[in-house]
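Student: I have a model open and would like to talk through it before I set anything up. Could we start with how contacts are counted and then go on from there?
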Amino acid sequence: GKEKCALSKIEVLDKEGDLAPRYTGTEIIGSQSSGSCYGPASHEISITQINGVEESVSLEISKENEVNWDLTVSAEVTVDVGFLGSGSSFSAGLSMGAGGAVTMGSSKTTETTTISEKEHGQVTQFPVPGAGIVFGIVDRYEIDQSDIPVIMHMTCPDGVNKTVDSSIAMKQVSFGAAHFWSLTGQFAEKACRADRNLPDCVENVRKNFLNFVGQKAEIAEAFEACFTKGKGSFKRVQ
């Protein structure tokens, strides 16, 4: 039989524009809280350390008959995802998945240095009796599509390069720029006299959402509950 070709590059196509990353939630990458029932005074909180986030992309490739997969698995294959903007071409090794599928992936942890200098070390001030939390947040985006058209670029034994139309499934996780988000509230003096542990409620909100991925409204509601029923008042923030 004729010798098969080696796969060198996969060019992902997005003619319809339906591969736009979709917002799937906000991720907490750092937090700091403070609070007191004693006052009047002013407290300030800032975040000095935030976590990196892991961006990843994985492909599942349908097996083309004319590709010599034995050769290809041992080599690095370039994936070109031009429509995702700069830095969206990567090389990775292939592996044989279950059921004969071929998979490849790449992931990198990006230190979220995307917090602007203006925001970095931003300080939130609030009066006590009261409590506040500052969160470092970043929006998470995903692509999860099963039948994406690609062009496979192949190098063949006779030195001729050829291309084949095929399709892949792709999952991608990426993140937007990081920001700080602060929530502050004041406790009523009467409520503080009755219960000096009111600030613990806010500290627990911070702890409960340490590794949260979801909607900010959920955090805001939990925070606001620390100040309802006559315990105090809060600033609602977006």
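Tutor: A contact here means heavy atoms within 4.5 Å, and please keep in mind that this is a predicted model. With that cut-off, residues 24 or more positions apart account for 78% of the contacts in the protein with a separation of 6 or more.

Student: Okay, and which elements does the protein have, in what order?
Tutor: The protein has four helices and ten strands, and from the N terminus the order is β-β-β-α-β-β-β-β-β-α-α-β-α-β. Its radius of gyration is 26 Å, well over the 18 Å that the globule rule gives for 238 residues, so the protein is more spread out than a compact globule.

Student: What does the C-alpha trace span along its principal axes?
Tutor: The C-alpha trace spans about 90 × 35 × 30 Å, while 39% of the 238 residues count as buried.

Student: Switching to the backbone, where is the peptide bond cis?
Tutor: One cis bond runs from Gly 39 to Pro 40, with omega near -5°, and Pro 40 lies in strand β2, residues 22-46. Another joins Val 128 to Pro 129, with omega near 10°, and this proline is part of strand β7, residues 123-155.

Student: And what about phi of Lys 229?
Tutor: Lys 229 has a phi near 55°, which is positive although the residue is not glycine. Most residues other than glycine have a negative phi.

Student: Is Lys 229 buried or exposed?
Tutor: Lys 229 is exposed, with a relative accessible area of 81%, and it sits in the loop between α4 (216-224) and β10 (232-234).

Terms used: Residues are numbered from 1 along each chain as its sequence is written. This is a predicted model: local features need pLDDT of at least 70, side-chain atom pairs count only at pLDDT 80 or more; totals for chains, interfaces and linings use all residues. Side-chain values use heavy atoms; hydrogens and water are left out. Helices (H or I, at least four residues) and strands (E, at least two) are DSSP runs, numbered from the N terminus. The radius of gyration is taken over C-alpha atoms; the globule rule is 2.2 Å times the number of residues to the power 0.38. Buried means under 20% relative accessible area, exposed over 50%, partly exposed in between (1.4 Å probe, protein chains only).
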